[in-house]
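Colleague: I am new to this one. Could you walk me through it, and show how each label is earned?

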2 protein chains.
Amino acid sequence: MDVQKKRIAIDMDEVMADTVGKLLRCYNRDYDDCLTMADLRGKKLRHVAKCGLEVYRYFEDPAFLRDLDVMPDSQEVIRALQDRYEVFVASAAMEVPASFTAKFEWLREHFPFIPPSHIVFCGDKSIINADYLIDDHTYQFARFRGQGILFTAAHNVEETGYPRVDNWRQVAELFLK
Amino acid sequence: MDVQKKRIAIDMDEVMADTVGKLLRCYNRDYDDCLTMADLRGKKLRHVAKCGLEVYRYFEDPAFLRDLDVMPDSQEVIRALQDRYEVFVASAAMEVPASFTAKFEWLREHFPFIPPSHIVFCGDKSIINADYLIDDHTYQFARFRGQGILFTAAHNVEETGYPRVDNWRQVAELFLK
């Protein structure tokens with residue numbers, strides 16, 4: 001009997017891709033600042049950056065998104081998850097339409113074992129039909145039909161109310177033990 | 001009391017956008033043929049086109065997708081649906097990654113009342129969490145959790161097993177009466 005696998009949807013930025021790491025490096029270089037990840041604990045970058053909201057303009061450059069670092073252990077763990085779960089990537093790409101192609105190419109390069117049929121670019125993730133959503137933004141969990149799993153990022157360290165994982169090793173602990 | 005609206009997800013190609021109409025015109029011009037919609041009844045274009053599968057290469061040109069005609073009555077009916085339902089667009093854009101930006105811009109131009117947060121580019125539409133999916137491809141209904149509504153297109157006229165609508169007036173009849 002073919003038992004339906006449970007489904008895990010995985011956010012891309014700050015979960016699979018180290019978006020903020022590169023953003024910090026670019027910002028520090030261009031604005032002659034020296035912010036670290038520690039400076040971002042419990043805060044949004046826009047609140048500590050000299051340029052405020054302007055700091056997010058880096059996202060409008062497709063080249064910025066194309067060479068992000070892969071989060072440690074994410075490739076091995078996601079590949080292992082696929083044996084027991086149906087895995088989808090769910091990225092809120094509609095916020096930055098210029099990012100579509102760069103995001104897609106990045107995923108195909110670094111996660112070639114995730115088929116394009118299982119990549120979703122959306123806005124409001126309540127449209128995702130999955131059992132679990134691993135994401136760094138709790139606002140995406142509010143109307144999500146499954147269980148939200150909060151992936152730790154500097155901006156969310158003070159949030160409570162959802163199971164939390166700090167890294168991909170902890171994702172493996174949670175889903176594969 | 002705020003009652004949760006039911007959700008309708010709507011396919012884009014051949015439901016909101018007249019993709020095949022333009023494809024036929026371009027094919028007839030470039031291959032000196034004179035195929036009509038009637039020639040496509042119950043068939044795939046690739047089976048009747050002189051060039052076979054090559055005919056789908058038009059989709060790889062973003063300019064092709066950018067100026068598709070809007071399906072008759074779709075704008076008015078979708079706007080009316082929004083009063084009673086939560087409406088999402090769900091396009092299988094992952095099949096043609098070059099199409100992302102053109103599709104997004106086309107939607108923003110012709111359906112500006114659908115917010116980007118409610119646009120989804122995906123592959124396998126079983127990932128869509130909605131009560132209804134209006135689509136011209138029955139294979140998208142197989143694992144969809146809600147009710148599939150088949151939107152008539154030349155290629156699907158012989159298919160049975162799902163409620164069928166031939167045009168947007170019939171969508172209005174079904175959902176708004």
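Modeller: Gladly. Start with where the chains meet. Of the interface residues of chain B, 100% are also interface residues in chain A, so the copies meet through the same surface. Keep in mind that this is a predicted model.

Colleague: How do you know how the two copies, chain A and chain B, are related?

Modeller: Superpose them. Chain B falls on chain A after a rotation of 180°, with 0.0 Å of shift along the axis. The RMSD is 0.0 Å. The copies are thus related as by a two-fold rotation axis.

Colleague: How many disulfides does the structure hold?

Modeller: Zero, over all chains.

Colleague: Why is A:Cys34 not counted in a disulfide?

Modeller: The cut-off is a sulfur pair within 2.5 Å. The closest cysteine sulfur to that of A:Cys34 belongs to A:Cys51, 14 Å away, so it is too far for a bond.

Colleague: And what rules out a bond for A:Cys122?

Modeller: Distance again. Its closest cysteine sulfur lies across in chain B, in B:Cys122, at 9.4 Å, which is too far for a bond.

Colleague: Which of these cysteines is called buried or exposed, A:Cys34 and A:Cys122?

Modeller: Buried means under 20% relative accessible area, and exposed means over 50%. A:Cys34 has 62%, so it counts as exposed. A:Cys122 has 0%, so it counts as buried.

Colleague: Now helix α4 of chain B, residues 74–84. Which of its residues are buried?

Modeller: They are B:Ser74, B:Val77, B:Ile78, B:Leu81 and B:Gln82.

Colleague: What makes you say how they are arranged around α4(B)?

Modeller: Look down the helix axis. The buried residues fall within an arc of 150°, so they line one face of α4(B). The spacing fits a general rule: an α-helix has 3.6 residues a turn, so residues three or four places apart point the same way.

Colleague: What do the buried residues of α4(B) pack against?

Modeller: Three elements of chain B: β1 (6–10), β2 (85–91) and α6 (168–176).

Colleague: What makes the backbone at A:Asp32 worth a look?

Modeller: Its phi is near 50°, a positive value in a residue other than glycine. A:Asp32 sits in the loop between α1 (19–30) and α2 (45–48) of chain A. Its relative accessibility is 67%, so A:Asp32 counts as exposed.

Colleague: And what is the phi of B:Asp32?

Modeller: About 50°, positive although B:Asp32 is not a glycine. B:Asp32 lies in the loop between α1 and α2 of chain B. At 68% relative accessibility, B:Asp32 counts as exposed.

Conventions: Residues are numbered from 1 along each chain as its sequence is written. Chains are lettered from A and ligands numbered from 1 in the order in which they are written. This is a predicted model: local features need pLDDT of at least 70, side-chain atom pairs count only at pLDDT 80 or more; totals for chains, interfaces and linings use all residues. Side-chain values use heavy atoms; hydrogens and water are left out. Buried means under 20% relative accessible area, exposed over 50%, partly exposed in between (1.4 Å probe, protein chains only). Helices (H or I, at least four residues) and strands (E, at least two) are DSSP runs, numbered from the N terminus. The arc is that of the directions from the helix axis to the C-beta atoms. Contact means heavy atoms within 4.5 Å. Copies are superposed by least squares on the C-alpha atoms of residues with pLDDT of at least 70 in both.
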